[in-house]
Amino acid sequence: LRAYRRQGDLESALKTGRRATALEPGNADLWLIQGECHHALKQFDEAIACFNRAIELRPDDLLGYGALVEVQEQRNDMVAAVDIYERLIARNPDSAALHYQLASTLAQINDRDGAIAAYRKVIELEPRVVQAHLLLGLLLMDAGQQGEAVARLQHYLELRPGDVTALESLAGAYERAGSTPEALACLRQILS
């Protein structure tokens with residue numbers, strides 16, 4: 001099965017995979033390989049079914065979840081991807097990387113409040129994820145929470161002082177907060 005897969009003979013791999021899963025329906029690895037073949041052939045519904053079966057058989061194995069997320073993202077089904085990230089986080093609540101992926105996906109589907117909460121969790125778990133400070137600041141600015149947006153953007157700029165785009169955003173947050181002198185100082189810094 002793996003040899004067919006490596007050679008790119010996906011149809012033979014699928015045929016062999018069907019026979020193998022019929023003989024060993026409880027083997028999660030066989031379902032994963034079969035799902036990979038379906039995914040490569042852009043047979044997304046079949047791939048999802050295979051990956052879900054692998055997850056049912058081995059719920060603590062992250063391979064099935066990762067493969068499932070990849071299919072959902074390729075299909076541009078971000079709502080389904082959010083569900084998978086939430087299931088992964090339930091199993092790994094201290095993973096800053098999973099919370100970051102969840103936040104990014106929530107932002108893509110315009111769930112600003114969910115994305116804000118997820119970025120806050122990223123920073124709580126791993127404050128050195130610099131990009132999370134910037135993205136959280138931008139979302140807070142959009143949410144009208146200028147005070148916290150300013151703080152997040154300032155922190156980001158302490159870590160990445162030369163980021164002109166972040167300075168522009170900070171100027172905007174200051175202006176929205178009614179702090180025109182600070183906004184002008186940011187603009188001067190950009191021009192210097």
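Which helices cover the buried residues of α8? Keep that in mind as you open the structure, which is a predicted model.

**Stop 1: helix α8**

Select residues 112–125, which make up helix α8. This helix has 14 residues, and from its first C-alpha to its last it reaches 20 Å, close to the 20 Å expected at 1.5 Å a residue. Now colour its buried residues: Gly114, Ala115, Ile116, Ala118, Tyr119, Val122 and Ile123. As you look at how they are arranged, recall that an α-helix has 3.6 residues a turn, so residues three or four places apart point the same way. To answer the opening question, show α7 (96–108), α9 (130–142) and α10 (146–159), which are included in what covers the buried residues of α8.

**Stop 2: Leu106, in α7**

Stay with one of those covering helices and pick Leu106, which is found in α7. Is Leu106 buried or exposed? Its relative accessibility is 5%, so Leu106 counts as buried. Leaving out residues up to four places away in sequence, Leu106 touches Val82, Asp111, Gly114, Ala115 and Ala118. Among the buried residues of α8 you have just coloured are Gly114, Ala115 and Ala118. For a distance to try in the viewer, go from the C-alpha of Leu106 to that of Ala81: they are 9.3 Å apart in space and 25 residues apart in sequence.

**Stop 3: helix α11**

Move on along the chain to residues 164–176, helix α11. It has 13 residues and reaches 18 Å between its first and last C-alpha, close to the 18 Å expected at 1.5 Å a residue. The residues to highlight as buried are Ala166, Leu167, Ser169, Leu170, Ala171, Ala173 and Tyr174. Their cover includes α9, α10 and α12 (180–191). If α9 and α10 are still on display from the first stop, keep them there, since they are also listed in the cover of α8.

**Stop 4: the loop between α3 and α4**

Go back to the loop between α3 (28–40) and α4 (44–57), where you will find Lys42. Check its backbone: Lys42 has a positive phi of about 60 degrees, although it is not a glycine. With 55% relative accessibility, Lys42 counts as exposed.

Gln43 sits in the loop between α3 and α4 too. Here the relative accessible area is 26%, so Gln43 is partly exposed. Setting aside residues up to four places away in sequence, Gln43 touches Leu14 and His38. Its C-alpha is separated by 9.7 Å from that of Val71, 28 residues apart along the chain.

**Stop 5: Asn76**

Which residue in the loop between α5 (62–74) and α6 (78–91) should you click next? The one to choose is Asn76, which lies in that loop. Asn76 is not a glycine, yet it has a positive phi of about 65 degrees. Its relative accessible area is 59%, so Asn76 is exposed.

**Stop 6: Arg87, in α6**

Follow on into helix α6 and select Arg87. Its relative accessible area is 30%, so it is partly exposed. Not counting neighbours within four places in sequence, Arg87 is in contact with Asn52, Ile55, Tyr65 and Leu68. For a view across the model, draw a line from the C-alpha of Arg87 to that of Ala183: the two are 42 Å apart in space and 96 residues apart in sequence.

**Stop 7: the cavity**

How many cavities of 30 Å³ or more does the structure hold? There is 1, and the largest cavity has a volume of about 30 Å³. To find it, select its lining: Ala28, Leu32, Ala54, Ile55, Arg58, Asp61 and Gly64. You have met Ile55 already, as a contact of Arg87. Both α3 and α4 supply at least two residues each to this lining. Sorted by class, the lining has 4 nonpolar, 1 polar and 2 charged residues.

**Stop 8: the cysteines**

Finish by showing the cysteine side chains. The structure holds 0 disulfides. Why does Cys50 have no bond to Cys37? Cys37 holds the closest cysteine sulfur, but it is 8.9 Å from the sulfur of Cys50, too far for a bond. Cys50 counts as buried because its relative accessibility is 5%. Last, select Cys186, which is also buried, with a relative accessible area of 6%.

How values were computed. Residues are numbered from 1 along each chain as its sequence is written. This is a predicted model: local features need pLDDT of at least 70, side-chain atom pairs count only at pLDDT 80 or more; totals for chains, interfaces and linings use all residues. Side-chain values use heavy atoms; hydrogens and water are left out. Helices (H or I, at least four residues) and strands (E, at least two) are DSSP runs, numbered from the N terminus. Buried means under 20% relative accessible area, exposed over 50%, partly exposed in between (1.4 Å probe, protein chains only). A disulfide is a pair of cysteine sulfur atoms within 2.5 Å. On a 1 Å grid over the protein atoms alone, a cavity is a set of points where a 1.4 Å probe fits but cannot get out, and a pocket is an open set with protein on both sides within 12 Å along at least five of seven lines; lining residues have an atom within 4 Å of a point. Grid points are joined across faces, edges and corners, and a volume is the space filled by probe spheres set on the points. Ala, Val, Leu, Ile, Met, Phe, Trp, Tyr, Cys and Pro count as nonpolar, Asp, Glu, Lys and Arg as charged, and the others, Gly among them, as polar. The expected span of a helix is 1.5 Å times one less than its number of residues. Contact means heavy atoms within 4.5 Å.
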